Amino acid sequence: MAKKKELTVDERINKEIKSLRESYKELPKNKMASAERLIPRAAYMRITLENYEKDIKERGSYEMFTQSEKTDPYERERPVARLYNTMNKNYQSIMKQLDDLVPKQEIKVEDDGFEEFLNSK
């Protein structure tokens, strides 16, 4: 079985942009303009986060570090782990902004007579 060709970072970002545009295609025009500015950022962040996750899985979140040969090494958080945490927080924020653009749908509750029954007692 032939190995599936791995997509480049740009191809993965473009694929994610298309997916997000599809998810938000029903937005009203006035909100779609805002979404169009957020979607590329969200796509970039998601692909970058996936790359960071792969790196962290392979190499871990911590590494041994020393300032010089004279000091004992100690465990410190790898910079990629810190970048991941910061970007993940920002990604969640952008996704919330996108979701907040979706109009809230009114939930219509059918009257089953229960309220009238309670009020009659």
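Two residues are in contact here when they have heavy atoms within 4.5 Å of each other. The structure is a predicted model. By this definition, Leu 98 is in contact with Tyr 24, Ala 35, Leu 38, Ile 39 and Ala 42, leaving aside its neighbours within four places in sequence.

**Leu 98 and the nonpolar core**

Leu 98 is found in helix H3. Its relative accessibility is 0%, and because buried means under 20%, Leu 98 counts as buried. One of its contacts, Tyr 24, is 74 residues away along the chain, yet the C-alpha atoms of Leu 98 and Tyr 24 are separated by 8.2 Å.

Leu 98 also belongs to the largest nonpolar core, which has 25 residues. Within this core, the residues that touch the most other members are Leu 20, Ala 35, Ala 42, Met 95 and Leu 98. Helices H1, H2 and H3 (79-101) each supply at least two residues of the core. The largest share comes from H2, with eleven residues. Met 95 touches Leu 20, Tyr 24 and Ala 42, again not counting residues up to four places away in sequence.

**How the helices pack**

Two helix pairs can be set side by side.

| Helix pair | Angle | Distance between axes | Crossing |
|---|---|---|---|
| H1 and H2 | about 130 degrees | 9 Å | right-handed |
| H2 and H3 | about 150 degrees | 9 Å | left-handed |

Why are H2 and H3 described as roughly antiparallel? Their angle is about 150 degrees, and angles over 145 degrees count as roughly antiparallel, so H2 and H3 are given that description. The contact of H2 with H3 divides into 19 nonpolar, five polar and five charged residues.

For H1 and H2, the angle of about 130 degrees is not over 145 and lies outside the 65 to 115 range, so this pair is oblique. In their contact, H1 contributes Val 9, Arg 12, Ile 13, Glu 16, Ile 17, Leu 20 and Arg 21. These meet residues of H2 that include Glu 36, Ile 39, Ala 43, Arg 46, Ile 47 and Glu 50. By class, the contact of H1 with H2 has ten nonpolar, one polar and six charged residues.

**Three residues with charged or polar side chains**

Glu 16 has its place in helix H1, which covers residues 9-23. Is Glu 16 buried or exposed? Its relative accessible area is 10%, and because this is under 20%, Glu 16 is buried. Not counting residues up to four places away in sequence, Glu 16 touches Ala 43, Arg 46 and Ile 47. These three residues are in H2 and take part in the contact with H1.

Ser 19 is also placed in helix H1. Ser 19 has 38% relative accessibility, and it counts as partly exposed because that value falls between the 20% and 50% limits. Ser 19 and Arg 59 are 40 residues apart in sequence, and their C-alpha atoms are 30 Å apart in space.

Arg 41 lies in helix H2, which covers residues 29-59. With a relative accessible area of 46%, Arg 41 is partly exposed. Arg 41 and Glu 6 are 35 residues apart along the chain, and 22 Å separates their C-alpha atoms.

Note on methods
Residues numbered from 1 in each chain as written. Predicted model: local features only at pLDDT ≥ 70, side-chain atom pairs only at ≥ 80, totals over all residues. Heavy atoms only, no water. Helix = DSSP H or I, 4+ residues; strand = E, 2+ residues; numbered from the N terminus. Buried < 20%, exposed > 50% of the residue type's maximum accessible area, 1.4 Å probe, protein only. Axes fitted to C-alpha atoms, helices over the stretch in contact; angles between N-to-C directions. Parallel < 35°, antiparallel > 145°, perpendicular 65-115°, else oblique. Left-handed = near helix turned anticlockwise from the far one by under 90°. Nonpolar A, V, L, I, M, F, W, Y, C, P; charged D, E, K, R; others polar. Core = buried A, V, L, I, M, F, W, Y, C linked by side-chain atoms within 4.5 Å.
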